[in-house]
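Please look over the sequence and the model below before reading on. The paragraphs that follow lead from a single residue to the cores, and from there to one chain as a whole.

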Amino acid sequence: MTKKIEAIIREEALDPVKDALHAIGIVGMNIFEIRGHGRQGGIPLSWRGTSYSMDLIPKIQLNIILSDNNVDKAIEAITKAAHTGKEGDGIIFVYPVEDVVRIRTGERGHAAIMYPDDIDTRSGKKK
Amino acid sequence: MLRKRKLRWLVTPVIAMVLMFTVNGIVAAQTAGPTTDDLATSTNIMWTLITGFLVFFMQAGFALVETGFTRSKNAAHTMMMNMMVFCIGALGYWLVGFAFQFGGVNFTFPALGKLAANSFAPGTLGDLTGHLDKWLIRFGQTGILGGDGFMLTRGVRDISGILAFFLFQMVFMDTAATIPTGAMAERLKFTGFVLMGFWVSMVVYPLVGGWVWGGGWLANLGRTAGLGNGAVDFAGSGVVHMIGGAVALAGALVIGPRIGRFNADGSPNAMPGHNIPMGVLGAIILFFGWFGFNPGSSLAFVGTGRNLAANAAVNTLLAGGAGGVAAMLYMWWFGPTKKPDPGLSVNGILAGLVAITSPCAFVNSVGAVAIGLIAGVIVCFAVFLLEKLHIDDPVGAVPVHFFNGIWGLISVGIFADGAASSAGWNGVDGPVTGLLFGGKTQIVAQLAEVASIFVVVGGLSFLFFKVLAALKLLRSEPEHELMGLDMPEMGAQGYSTVDVHMHGSALPRQSPRIGPASGR
């Protein structure tokens with residue numbers, strides 16, 4: 001079963017999270033630059049003396065597609081790298097994925113998300 | 001080791017060179033070289049031209065400040081206004097503006113000669129006899145509208161003094177013309193803007209500017225009414241900045257605030273600019289250009305001119321610095337976020353520079369710092385005042401140029417220290433002296449200039465903009481304003497969102513196409 005992880009993290013957490021994921025062998029990912037908020041309040045700013053509140057705050061959404069059995073490892077790596085303890089650390093969503101197709105070769109399914117030296121190769125699983 | 005035989009070939013050329021130099025020397029001694037007067041005039045003309053080039057560069061400063069302080073969806077439009085205002089103004093001023101403003105400058109004091117930087121006719125730029133000596137409208141010695149020099153005709157082609165003077169005055173006019181574009185940015189129709197460019201360069205600026213600099217009635221208040229040295233405005237806090245600010249204020253009043261700027265209950269909404277680096281760079285470029293604006297207005301660099309110019313340069317530097325510090329500290333200590341604010345610090349620097357523009361040659365450095373500090377506070381107050389009055393000025397053009405143009409004119413009447421270098425200004429024997437140094441009537445002449453600009457430039461421009469509005473030429477359509485003026489008015493995006501994925505970018509292929517799953 002293939003899963004998609006959407007991790008919404010602070011902008012400055014991107015590099016540590018990327019490094020943590022590479023370290024455990026998660027190679028493919030993409031990011032969105034987004035704005036949003038959860039419970040945290042806005043940031044007070046002013047322009048020429050008029051105050052305003054920026055409540056949709058810039059964040060990064062990181063998308064990863066991976067097999068079921070790697071999801072927990074990935075979540076652990078992301079959480080450890082993105083955690084500061086302050087409000088605004090972010091949130092992670094997990095979704096099921098119906099199919100994956102690699103455009104260059106036409107591979108489908110699990111083969112499409114396998115790379116040399118990725119997390120499955122290292123743990124000895126092949127499929 | 002020199003071998004005489006090998007050097008024989010040198011003999012002929014050496015003799016030839018010796019003959020050449022001696023013969024040339026004899027001939028040169030018999031033809032006249034430049035006189036000291038020629039050299040002085042050349043120095044003055046060169047000074048005027050080069051400082052004029054610096055003032056031209058201020059257009060880049062205005063463009064950067066205005067575009068940086070407004071939204072990105074209007075960037076092409078704002079930049080276009082600031083670029084074209086120069087071109088439109090150049091044509092308008094060449095056609096009639098220069099003639100209206102300076103056509104009679106040589107009429108009032110034709111015989112003054114070289115120290116005429118202190119009087120009307122710029123005699124420091126050479127002998128201008130027979131030129132710029134006609135008024136279209138005048139009452140005795142009181143000139144209202146000049147009438148010579150239209151399209152720079154009548155043999156002016158080889159009079160470098162007048163050419164330099166025209167260039168210098170033209171870049172000053174364009175500084176005034178570009179001020180209103182800031183106050184009306186983000187909702188001004190381009191057609192309305194073009195007409196405004198001609199309005200400023202052909203009508204209001206030359207008319208009232210001639211009253212002060214063209215030997216007109218405001219400058220003559222010293223001779224005719226005993227008011228100090230008449231209206232004194234060294235580089236134009238009034239003529240350039242208050243006039244530009246008055247047009248800006250009239251325009252902002254008629255065009256109305258941007259959609260969404262004020263809520264129904266009157267509370268303001270911030271509309272942050274999109275590029276503070278642009279704004280700051282623009283402020284620095286303006287500061288640099290001001291070193292041409294103020295010192296260059298001596299129109300001379302020999303004798304008194306040099307003293308006026310050097311004093312003006314130092315005072316400009318000090319007042320600009322003081323204005324920036326004052327505005328920054330005001331926002332840091334009293335502003336809503338209690339942080340030093342980049343936008344208002346920019347305005348503070350410019351406010352100090354505007355305020356010192358009139359008095360720069362006539363005050364000492366203590367006066368310059370005082371004028372700058374007060375200007376920085378005035379600009380902050382003015383920003384908040386405009387907001388309370390629901391007048392929307394996206395970049396602070398009115399607080400900087402209108403309010404501090406007034407402060408600059410008034411400060412001449414207070415801080416001018418009566419130094420000898422200003423003796424003879426506007427044809428009055430004594431030096432320019434303000435209240436703090438015993439001069440009691442200068443301030444009245446200054447207030448006369450303030451009132452004239454407010455009533456005539458402000459009033460006429462208000463009517464002008466009302467006419468434009470009635471003809472639907474002033475404010476852009478609401479849908480255009482909301483989507484940004486770049487596409488509907490310019491047909492182009494200031495910041496392209498499509499350039500990276502338009503046609504013409506080929507997909508790189510590893511090998512020629514031989515099938516969908518090559519290699520596997």
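Leaving aside its neighbours within four places in sequence, with which residues is Thr181(B) in contact? In this predicted model, the residues that Thr181(B) contacts, once those sequence neighbours are set aside, are Glu66(B), Met81(B), Asn82(B), Val85(B) and Phe193(B). Thr181(B) itself belongs to helix α5 of chain B, which covers residues 160–183. One of its partners, Glu66(B), lies 115 residues away along the chain, and yet the C-alpha atoms of Thr181(B) and Glu66(B) are separated by 8.2 Å. Is Thr181(B) buried or exposed? Within 10 Å there are 28 other C-beta atoms, and because a residue counts as buried from 20 such atoms upward, Thr181(B) is buried.

From this one position we can turn to the nonpolar cores. The largest nonpolar core has 144 residues, and the residues with the most contacts inside it are Ile243(B), Val379(B) and Val398(B). Helix α3 of chain B, made up of residues 75–102, supplies the largest share of this core with 13 residues. Val398(B), when its neighbours within four places in sequence are left out, is in contact with a list of residues that includes Ala183(B), Gly245(B), Ala248(B), Leu249(B) and Phe403(B). Apart from this core there is a second, separate one of 17 residues, and among its members are Ile26(A), Ile60(A), Ile64(A) and Ile78(A).

Those isoleucines bring us to chain A, which has three helices and six strands, arranged along the sequence in the pattern β-α-β-β-β-β-α-β-α. The radius of gyration of chain A is 18 Å, whereas the globule rule gives 14 Å for 127 residues, so the chain is more spread out than a compact globule. Taken along the principal axes, the C-alpha atoms of chain A fill a box of roughly 60 × 30 × 20 Å. Of the 127 residues in chain A, 17% are buried. Among the contacts in chain A with a separation of 6 or more, 72% are between residues 24 or more positions apart.

Finally, we come to where the two chains touch. Here 10 residues of chain A are in contact with 18 residues of chain B. On the side of chain A that touches chain B, the elements giving two or more residues are β3 (43–47) and β4 (50–54) of chain A. By type, the residues on that side of chain A divide into three nonpolar, six polar and one charged.

Note on methods. Residues are numbered from 1 along each chain as its sequence is written. Chains are lettered from A and ligands numbered from 1 in the order in which they are written. This is a predicted model: local features need pLDDT of at least 70, side-chain atom pairs count only at pLDDT 80 or more; totals for chains, interfaces and linings use all residues. Helices (H or I, at least four residues) and strands (E, at least two) are DSSP runs, numbered from the N terminus. The radius of gyration is taken over C-alpha atoms; the globule rule is 2.2 Å times the number of residues to the power 0.38. A residue is buried if 20 or more other C-beta atoms lie within 10 Å of its own, exposed if 12 or fewer, and partly exposed in between; C-beta atoms are placed from the backbone. Two residues are in contact if their C-beta atoms, placed from the backbone, lie within 7 Å. Ala, Val, Leu, Ile, Met, Phe, Trp, Tyr, Cys and Pro count as nonpolar, Asp, Glu, Lys and Arg as charged, and the others, Gly among them, as polar. A nonpolar core is a set of buried Ala, Val, Leu, Ile, Met, Phe, Trp, Tyr and Cys residues joined through C-beta atoms within 7 Å.
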